[in-house]
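This report describes a single protein chain, beginning with one residue of the early segment and then turning to the overall fold, the strands and selected local features.

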Amino acid sequence: MPAMLDDPMAPVIYRTSGEAPFPTPHAPLPKEIEIRQVTLRDRVTKATLIPFSAPEQVPASLLNYLCAQLNREIEKGDTYPMINAMSLESFGPYWFANFGAVMLLGEIQDVQQVKQMEENGRDWEKECLGSFYIKPNYPGRSSHVCNGGFLVTDASRNRGVGRLMGEGYLEWAPKLGYTYSVFNLVYETNVASLRIWDALGFKRIGKVRGCGNLRSYPDYLVDAIIYGRDLGPEGEDFVSEERFDKIRFYLKNGSYPNGADRAEKSRLRSAATHYRLVPRDDPNEEEKLMLKDKEVISDPVKQYDVAKLHHNEHHG
């Protein structure tokens, strides 16, 4: 689910605009950046997003696996614009120069535990679900505007990993000092990515016509969407289907979803004072989630259907 555009061979750009302090290359991350526990789409499987500030922090075998996954995506020729595979020596400095995160199965407590997993001979093909980076989209005076590149591995297809990494991106990017995010190049044929960014509050701020000479579409050039989004102070200003599912779970069960940290528990308790569940006429159907006197529709497809119906009723 790429959103990047920058040249992998270009010199690394670091944030030098916006609010101080500015990052020091490969220095420890801000204390606000903590390991993030998440639960996959099945609401049972636990996973962890682990942040890194330098390629040297990532176990060599894990770095090698991620590089191979990226090269497979490049070879497919449908999501990333690059044609040539990336060497392992180039991949680490490119992906983890500013900030990179890796999602692994299970509850991971710290980076040292990831290194121990390598020593124990873990199979990253089964354990690694994805990775993403955050870096400036522009140099110099505009370097407080960030960009991200996302990689969903073979072990994580259709498990909600892309959305969870997108939520992690929105939480961490403002804590790294960025105020706005731009995704330069999301091909219109990459439907999974389009759905995620639309659902996470990104706006389609532009289109680049005919910019994708993709392998699966040899007969015509594919358009690409440019996405933009303001980043809230804590990265919490987005409204996602995942968030409403967690609110519904808390209201119905009186307990927190698996993987909820202290901050998320606090948000759920706060949300419970504003939302409520109302039974439907058919007891076999899921209760309606209500905000004041209005039903919350969190499914993007249903949102579109409602908007379409409303439009047809008033502009028939």
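## Backbone and strand arrangement

In this predicted model, H26 has a relative accessibility of 40% and therefore counts as partly exposed, since that class lies between the buried limit of under 20% and the exposed limit of over 50%. H26 belongs to the segment before β1. Its phi is near 65 degrees, a positive value in a residue other than glycine. The segment before β1 also holds P21, and the peptide bond that joins A20 and P21 is cis, with omega at about 5 degrees.

**Overall fold**

The protein chain contains nine helices and eleven strands. A compact globule of 316 residues would have a radius of gyration near 20 Å, and the protein chain, with 20 Å, agrees with that expectation. Along the principal axes, the C-alpha atoms fill a box of roughly 60 × 50 × 40 Å. Of the 316 residues, 45% are buried.

Contacts between residues at least 6 apart in sequence can be divided by their separation: 70% of them join residues at least 24 apart. The accessible surface of the protein chain is about 16,500 Å², and carbon and sulfur atoms account for 50% of this area. As to charge, the chain carries 39 positive and 44 negative charges, whose mean positions lie 4 Å apart.

**Strands β1, β2 and β3**

Strand β1 covers residues 36-39. R36 and V38 point one way from this strand, while Q37 and T39 point the other way; all are buried. β1 pairs with strand β2 (residues 46-52) in the antiparallel sense, over four bridges. The two strands form a hairpin with six residues between them. In the turn of this hairpin, R43 has a positive phi of about 65 degrees.

Two positions show how β1 is set against β2: R36 stands opposite L49, and V38 stands opposite A47. β2 is itself mostly covered, as six of its seven residues are buried. β2 also pairs with strand β3 (residues 100-105), to which six bridges join it in an antiparallel arrangement. Within this second pairing, I50 of β2 stands opposite V102 in β3.

**Strands β5 and β6**

Strand β5 (residues 145-152) runs parallel to β6, and two bridges join them. One partnership between these strands places C146 with S181, the latter in β6. β6 spans residues 180-187, and because seven of its eight residues are buried, it is largely enclosed by the rest of the structure.

The loop between β5 and α5 (161-175) contains N158. Phi of N158 is near 60 degrees, which is positive although the residue is not glycine. With a relative accessible area of 72%, N158 is exposed, because the limit for that class is over 50%.

**The sheet of β9, β10 and β11**

An open sheet of three strands follows the order β9-β10-β11, and its pairing is antiparallel. Its edge strands are β9 (275-278) and β11 (294-295), each of which pairs on one side only. Four bridges link β9 with strand β10 (residues 288-291) in the antiparallel sense. Within this pair, V278 stands opposite K288 in β10.

**Strand pairings in summary**

The pairings for which bridge counts are described above are collected here.

| Strand pair | Sense | Bridges |
|---|---|---|
| β1 and β2 | antiparallel | four bridges |
| β2 and β3 | antiparallel | six bridges |
| β5 and β6 | parallel | two bridges |
| β9 and β10 | antiparallel | four bridges |

**A residue of helix α3**

Helix α3 comprises residues 111-119 and includes Q116. Is Q116 buried, partly exposed or exposed? Its relative accessibility is 39%, so Q116 counts as partly exposed. Q116 and P59 are separated by 57 residues in sequence, whereas their C-alpha atoms are 9.3 Å apart in space.

Key
Residues numbered from 1 in each chain as written. Predicted model: local features only at pLDDT ≥ 70, side-chain atom pairs only at ≥ 80, totals over all residues. Heavy atoms only, no water. Rg over C-alpha atoms; globule rule 2.2 N^0.38 Å. Buried < 20%, exposed > 50% of the residue type's maximum accessible area, 1.4 Å probe, protein only. Contact = heavy atoms within 4.5 Å. Areas by Shrake-Rupley, 256 points an atom, 1.4 Å probe, with all protein chains shown as cover. Lys, Arg positive; Asp, Glu negative; His and termini not counted. Charge placed at Lys NZ, Arg CZ, Asp CG, Glu CD. Pairing = 2+ DSSP bridges.
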